[in-house]
Amino acid sequence: MVAAGRRIWGDSGIGDVTVRGTAREAGLAYRYFYEHFPNRDALIVAVADEVRTELVTTLIESSVEAGGGTEQQLRAALRAFLSVIADDPQMFRIMTSDDAGVEGLDRRRRDTLDLVAEAVVANLAEQSDAAETDLRRTARFAVGGVYRLMETWLVERDVEADELADICTQLAMSLRAFQRP
């Protein structure tokens, strides 16, 4: 059911995710839907959670594998992330689509951005003398900006994914100048 809901949402939007449509996409009678989920909203949240887990895992694993300093880790994480969403734009559509009144979906999106920002803070805390409050503020600003650039990039595709990763890395690294010592 989650895979079917994900395909529908990713292909045609959250508004097209219905109980009957998801069951049909999964090749099941619609009554089986309720064996897995109490309602449509629960399915939508499950799909969003699955996509969030995949994307955050990609960011963290690629950063750790890259090793090196903050800039190298950030660039590797962004390149991997952009590669994943370039190969499967459904993922980013799911993460950025209107919450359509689905309870908890907007909160999950903000939590995801905060989760990524906290990972950045954890990395920077080891390499910076700045106060944690300043690191967190900078990380949230950078994550929000990168998110917006990616959102626009998916529509415009004005540069290659690796080039956007480099641009985002440069912009994020320039924020060091705004951290208090």
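Let's start with contacts: among those in the chain between residues at least 6 apart in sequence, 65% join residues at least 24 apart. Please keep in mind that this is a predicted model. What does the secondary structure of the chain come to? Nine helices and zero strands. If you read along the sequence, you get the pattern α-α-α-α-α-α-α-α-α. For the overall dimensions, the C-alpha trace spans about 60 × 30 × 25 Å along its principal axes. The chain has 181 residues, and buried residues make up 39% of them.

Now to the inside. The largest nonpolar core has 47 residues, and the ones touching the most other members are Trp 9, Leu 82, Ile 85, Met 150 and Trp 153. Many helices take part: H1 (2-12), H2 (19-26), H4 (40-66), H5 (70-87), H6 (89-96), H7 (105-125), H8 (132-156) and H9 (161-174) each supply at least two residues of this core. Which helix gives the most? That is H4, with nine residues.

Let me stay with Trp 9 for a moment. If we leave out residues up to four places away in sequence, Trp 9 touches Ile 14, Val 17, Ile 44, Val 47, Ala 48, Arg 93, Ile 94, Ser 97 and Leu 105. Trp 9 will come back in a minute, when we get to the cavity.

First, the largest pocket. How much space lies in it? About 760 Å³. There are 35 residues lining this pocket, and Leu 59, Leu 74, Val 116, Val 120 and Val 143 are the closest to its centre. If you have the structure open, those five are a good place to put your cursor. The lining draws on H4, H5, H6, H7, H8 and H9, each of which supplies at least two residues. H7 gives the most here, with eight residues. By class, the pocket lining divides into 25 nonpolar, seven polar and three charged residues.

On to the cavity. A search of the whole structure finds one cavity of 30 Å³ or more. The volume of the largest cavity is about 60 Å³. Here is Trp 9 again: the cavity is lined by Trp 9, Ala 48, Asp 49, Arg 52, Ile 94, Met 95, Leu 105, Arg 108, Arg 109 and Thr 112. You may recognise Ala 48, Ile 94 and Leu 105, which are among the residues that Trp 9 touches. Helices H4, H6 and H7 each supply at least two residues of the cavity lining. Which of the helices gives the most to it? H7 does, with four residues. The classes in this lining are five nonpolar, one polar and four charged residues.

Let me finish with a few single residues, beginning with two serines. Ser 62 lies in helix H4. Is Ser 62 buried or exposed? Its relative accessible area is 12%, so Ser 62 is buried. A polar atom of the Ser 62 side chain lies 2.6 Å from the backbone oxygen of Thr 58. Not counting residues up to four places away in sequence, Ser 62 also touches three alanines, Ala 76, Ala 77 and Ala 80.

The other serine, Ser 83, sits in helix H5. Ser 83 has a relative accessibility of 34%, so this residue counts as partly exposed. Going from Ser 83 to Gln 73 takes 10 residues in sequence and 15 Å in space, C-alpha to C-alpha.

Next is Ala 142, which you will find in helix H8. Why does Ala 142 count as buried? Because its relative accessibility is 18%, and the cut-off for buried is under 20%. Ala 142 and Ala 117 are 25 residues apart in sequence, while their C-alpha atoms are 8.1 Å apart in space. Setting aside neighbours within four places in sequence, Ala 142 is in contact with Ala 172 and Leu 175.

My last stop is Arg 157, in the loop between H8 and H9. This residue is not a glycine, and yet Arg 157 has a positive phi of about 45°. With a relative accessible area of 36%, Arg 157 is partly exposed.

That's my tour, and thank you for listening!

Methods
Residues numbered from 1 in each chain as written. Predicted model: local features only at pLDDT ≥ 70, side-chain atom pairs only at ≥ 80, totals over all residues. Heavy atoms only, no water. Core = buried A, V, L, I, M, F, W, Y, C linked by side-chain atoms within 4.5 Å. Buried < 20%, exposed > 50% of the residue type's maximum accessible area, 1.4 Å probe, protein only. Contact = heavy atoms within 4.5 Å. 1 Å grid on protein atoms, 1.4 Å probe; cavity = no way out; pocket = protein on both sides within 12 Å on 5 of 7 lines; lining within 4 Å. Points joined across faces, edges and corners; volume = space filled by probe spheres on them. Nonpolar A, V, L, I, M, F, W, Y, C, P; charged D, E, K, R; others polar. Polar contact = N/O pair within 3.5 Å; in protein donor to acceptor, adjacent residues only side chain to side chain.
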